[in-house]
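Open the model in your viewer and keep the selection panel at hand. We will go from one helix to its neighbours, then out to the contact between the chains.

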Amino acid sequence: MSIFKEIESKPFEYVFLAVSLLISAILFFFFSYDPHYQRNVVYGAAGAYFLWSILHHYRRGDLETSIVVEYLILILFGVIVLTSTLL
Amino acid sequence: MNKIWHLFVPHTSNNHRAYLIRPSVIALFISIYLLNQSLVKSLTIIKPGVLGYSSEITVQKVIDLTNQERLKLGQEPLQYNSVLSDSAIEKAQDMFANDYWAHNSPQGKTPWDFLRQHGYEYSVAGENLAKDFYDTDSMVRAWMNSPTHRENILNPKYQEIGIGVVNGVLNGVKTTLVVQHFGSPLNGVVAYSSPPSASVDILSEASSAPVSAPLISPLQISQFVGLVMFVIIISALAIDGYFTLKNKTHRLAGSAAGHVGFLAIIFILLLANQQGRIF
């Protein structure tokens, strides 16, 4: 599968991303009793992914405005959908 | 058919980028989702009670599960007190009547005011609130996961309990509010009584007609629309990533693996997000 090839090319970056997202998921479940904390966890995960994307593309040498916009829109989509279901 | 294919697969005709994962299309998804949210919110205003949360919570089960949790830690079980139950029911009715969801009412009424109003003189007292839960087990589990609510349930100073389980319409959405009132009588005399068999009070909005079970909850609509969008985008990202690497296409774009990972985690959290809130 091609996505795995992409991961193989920079394993440490992807391991770092996977660990960050996994920690966020654990914290989200841990704070299941408080939507306010859960929202903060989602914002934290979104911020971590955005920072990861900047570092990832900077190291790859293709950090362009269009790529930053792509990440921002995708992150915005994820954050809006998930936080809107937290009553 | 060709058009659908190019929604997911990169090709010269779509400038080597699946249409569905372009930022402009993701922005369109965001707009559609927000529009859906606005329509759901409008529906709760225009036709209050059409959407809501059904519930099978009973007073007896709330008391049983609360006492089970206390017994696990060697605490004395709480005794049912009808005066505490009356104050809990009135608190729930007050929340429906004044459209709020909090320990203190917008008029500044505290939980202790409800207890005193019913003549319950206490040395210590506490309150737990819950709404939008379908079953008692998940509601008590949610209370036990919260440090402050857990403290109330397990507090050895409390001797009596009263439960209010009331159906009604809150902020345009049908739901069941559960109020747990804890206390210890000031005179030290603990009441021993059983909860009534008809354990759910029904409040209709300004009419005597009982509130019927709602068909669908606003949360279910949001979750469904969100999950469908996630499936479409994650599939498009995976298919696009596969063909891009297979054809060794060089293009300026974000990491497909990163995007899929991020969206997959959000997808799982969205899927697992529990119904019901506590306060």
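**First stop: a helix of chain A**

Select helix H3 (residues 35-60) of chain A: its 26 residues reach 37 Å from the first C-alpha to the last, close to the 38 Å expected at 1.5 Å a residue. That expected span is 1.5 Å times one less than the number of residues in the helix. Helices (H or I, at least four residues) and strands (E, at least two) are DSSP runs numbered from the N terminus.

Before going on, a word on what you are looking at. This is a predicted model, in which local features need pLDDT of at least 70 and side-chain atom pairs count only at pLDDT 80 or more, while totals for chains, interfaces and linings use all residues. Residues are numbered from 1 along each chain as its sequence is written, and chains are lettered from A and ligands numbered from 1 in the order in which they are written.

Now show the side chains of H3(A). Which residues are buried in H3(A)? They are Gln38(A), Val41(A), Val42(A), Ala45(A), Ala46(A), Tyr49(A), Trp52(A), Ser53(A), His56(A) and His57(A). Here a residue is buried if 20 or more other C-beta atoms lie within 10 Å of its own, exposed if 12 or fewer, and partly exposed in between, with C-beta atoms placed from the backbone. Bring up H2 and H4 of chain A together with H9 of chain B, and you will see what the buried residues of H3(A) pack against.

**Around chain A**

Step just past H3(A) to Gly61(A), which takes a positive phi of about 80°. From there, look for Val19(A): the C-alpha atoms of these two residues are separated by 24 Å, and they are 42 residues apart along the chain. Val19(A) sits in helix H2 (residues 11-30) of chain A. Is Val19(A) buried or exposed? Val19(A) counts as exposed because it has 11 C-beta neighbours inside 10 Å.

Zoom out to the whole of chain A, which has four helices and zero strands. Its C-alpha atoms fill a box of roughly 40 × 25 × 20 Å along the principal axes. Of the 87 residues in chain A, 33% are buried.

**Across to chain B**

Next, select H9(B), whose 17 residues reach 24 Å from first C-alpha to last, close to the 24 Å expected at 1.5 Å a residue. Its buried residues include Phe262(B), Leu263(B), Ile266(B) and Leu269(B).

Add helix H4 (residues 65-84) of chain A: its axis and that of H9(B) come within 10 Å and cross at roughly 5°. Axes are lines fitted to C-alpha atoms, for helices over the stretch in contact, and angles run from 0 to 180 degrees between N-to-C directions. H4(A) and H9(B) are therefore roughly parallel to each other (an angle under 35 degrees).

Leu74(A), Gly78(A), Val81(A) and Leu82(A) in H4(A) meet His259(B), Phe262(B), Leu263(B), Ile266(B), Leu269(B) and Leu270(B) in H9(B). Residues are in contact if their C-beta atoms, placed from the backbone, lie within 7 Å.

**The whole contact**

Finally, select both sides of the contact between the chains: 43 residues from chain B and 39 residues from chain A. On the side of chain B that touches chain A, H9(B) gives the most, with 13 residues.

Colour by pLDDT, the predictor's confidence in each residue from 0 to 100, to end the tour. The mean pLDDT of chain B is 85, and 90% of its residues reach 70 or more. For the complex, the predictor gives an ipTM of 0.91 and a pTM of 0.78.

How values were computed. Two residues are in contact if their C-beta atoms, placed from the backbone, lie within 7 Å. Angles under 35 degrees count as roughly parallel, over 145 as roughly antiparallel, 65 to 115 as roughly perpendicular and the rest as oblique.
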